[in-house]
2 protein chains.
Amino acid sequence: MSQRKPIAILAADVPPRARQSYAPEPFASLLSAGRIKHTLGDLFGLTNFGVNITRIRPRGVTALRHAHTKQDEFIYVIEGRPTLVTNEGRTQLAAGMCAGFPAGTGDAHQLVNETDEDVLYLEVGDRTPGDEVTYPDDDLRAEFVDGVFRFTHKDGTPY
Amino acid sequence: MSQRKPIAILAADVPPRARQSYAPEPFASLLSAGRIKHTLGDLFGLTNFGVNITRIRPRGVTALRHAHTKQDEFIYVIEGRPTLVTNEGRTQLAAGMCAGFPAGTGDAHQLVNETDEDVLYLEVGDRTPGDEVTYPDDDLRAEFVDGVFRFTHKDGTPY
């Protein structure tokens, strides 16, 4: 039995994640200005996948548009109307809608909030080793090494 | 790019899963009478973890109380007030609450609906190979073999 882990929590009560973005600057500041991530899965000791509840402010962006080579992702919209941007274009979402992003397709995605109201959504991603992340719109790439994403320029040079 | 996979879906529009329970009788009928699972993650081609949206009718039960040895689980309550039953007892949940069940603790859990209104919740579980499931309250055990749970009596004899 865990000592400090809760049995259940109200997601809205969870404080924001200490470090809001692991990307290098200027991306970290750009992302952190428009959205707030709250870690949920780790609070219970989950290790195979992560779950966040994330609030996107009006005009905020959840992530740079990206695709994973090994890790699947899933999102479920709780409140608001985010726009999902993929290789195929823009899709307006609403509360109760969900989307999944299987690893290895190269289809890069992000959520943006183009409305004047907050968006609240759940995001799930697994932690399969050897993952790489591609960013078609930015000079960035990432590798998942020892459980952490390491970022470089597209040519491999460090930030 | 996938051919038939949707970009996004309204979870409420997804038809119920064809096979509602993979457990042997009498457990399958008992479970299927009180809850309806709708597969979400597989619709997008996710393989590393599964996501369902599940409706629990009044007096329904989501699962026999169980614990996984290798696979983590996470739930998020969308509507209603389910009761989470674990080794530590009963915890009343409400919309916006979540709970996680890390693999390997032996803490067995289930959700039951002791109210007169439906419960709707999201459940996430990964698909780590070699998983075994223990059921402290029932003569049942399961092993995850080739992506499918195989059920036996506790002594290993088949149903």
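**Entry 1: the sheet across both chains**

Two strands count as paired if DSSP finds at least two bridges between them. I keep that rule at hand, as I am working on a predicted model. I looked up the sheets and began with one that involves both chains. It is an open sheet of six strands, in the order β2(A)-β3(A)-β10(A)-β5(A)-β8(A)-β1(B). The pairing is antiparallel. Which strands stand at the edges? They are β2 (35-39) of chain A and β1 of chain B. Each has a single partner strand, so one side of each is left without a neighbour in the sheet.

Next I checked the join between the chains. Strand β8 of chain A, residues 97-101, meets β1(B) through two bridges. The two strands run antiparallel. I noted one facing pair here: M97(A) is opposite L10(B).

I then moved inside chain A. Strands β3 (residues 49-56) and β10 (residues 119-126) pair over eight bridges, again in the antiparallel sense. F49(A) of chain A stands opposite D126(A) in β10(A).

**Entry 2: a sheet within chain A**

I looked for another sheet and found an open one of four strands in chain A. Its order is β4-β11-β12-β13, with antiparallel pairing. The edges are β4 (67-68) and β13 (148-152). Each of these has a single partner strand, so one side of each lacks a neighbour in the sheet.

I followed the edge strand β4(A) first. Two bridges tie β4(A) to strand β11, residues 132-134 of chain A. A67(A) faces T134(A) in β11(A).

At the other edge, β13(A) pairs with strand β12 (residues 141-145) over five bridges. V145(A) stands opposite V148(A) in β13(A). How many residues lie between β12(A) and β13(A) in their hairpin? I counted two. D146(A), in the turn, has a positive phi of about 55°.

**Entry 3: the interface**

I turned to where the chains touch. In chain B, 42 residues are in contact with 42 residues of chain A. The two chains bury about 3200 Å² between them, and 70% of that is on carbon and sulfur atoms. Which elements of chain B supply its side of the interface? At least two residues each come from β1 (9-10), β3 (49-56), β5 (73-79), β8 (97-101) and β10 (119-126). The largest share is five residues, from β8(B). I sorted the residues on this side of chain B: 25 are nonpolar, eleven polar and six charged.

I also looked for polar links. Between chain B and chain A there are twelve residue pairs in polar contact. The search for salt bridges across this interface gave zero.

**Entry 4: salt bridges and the annotated domain**

I widened the salt-bridge search to the whole structure. It gave 18 over all chains. One that I looked up joins the side chains of R55(A) and D118(A), at 3.0 Å from N to O. This pair links distant parts of the chain, 63 residues apart. R55(A) is in strand β3 of chain A, while D118(A) sits in the loop between β9 (110-112) and β10.

Last, I checked the record. UniProt, in an unreviewed entry, places the feature "domain: Cupin type-2" at residues 54-124 of chain A. How far apart are the end C-alpha atoms of that span? They lie 11 Å apart. The span is 0% helix and 48% strand.

Conventions:
Residues numbered from 1 in each chain as written. Chains lettered and ligands numbered in written order. Predicted model: local features only at pLDDT ≥ 70, side-chain atom pairs only at ≥ 80, totals over all residues. Heavy atoms only, no water. UniProt positions renumbered as here; feature names shortened; annotations may be inferred. Contact = heavy atoms within 4.5 Å. Buried area = accessible area lost by both parts, 1.4 Å probe. Salt bridge = Lys/Arg side-chain N within 4 Å of Asp/Glu carboxyl O. Polar contact = N/O pair within 3.5 Å; in protein donor to acceptor, adjacent residues only side chain to side chain. Nonpolar A, V, L, I, M, F, W, Y, C, P; charged D, E, K, R; others polar.
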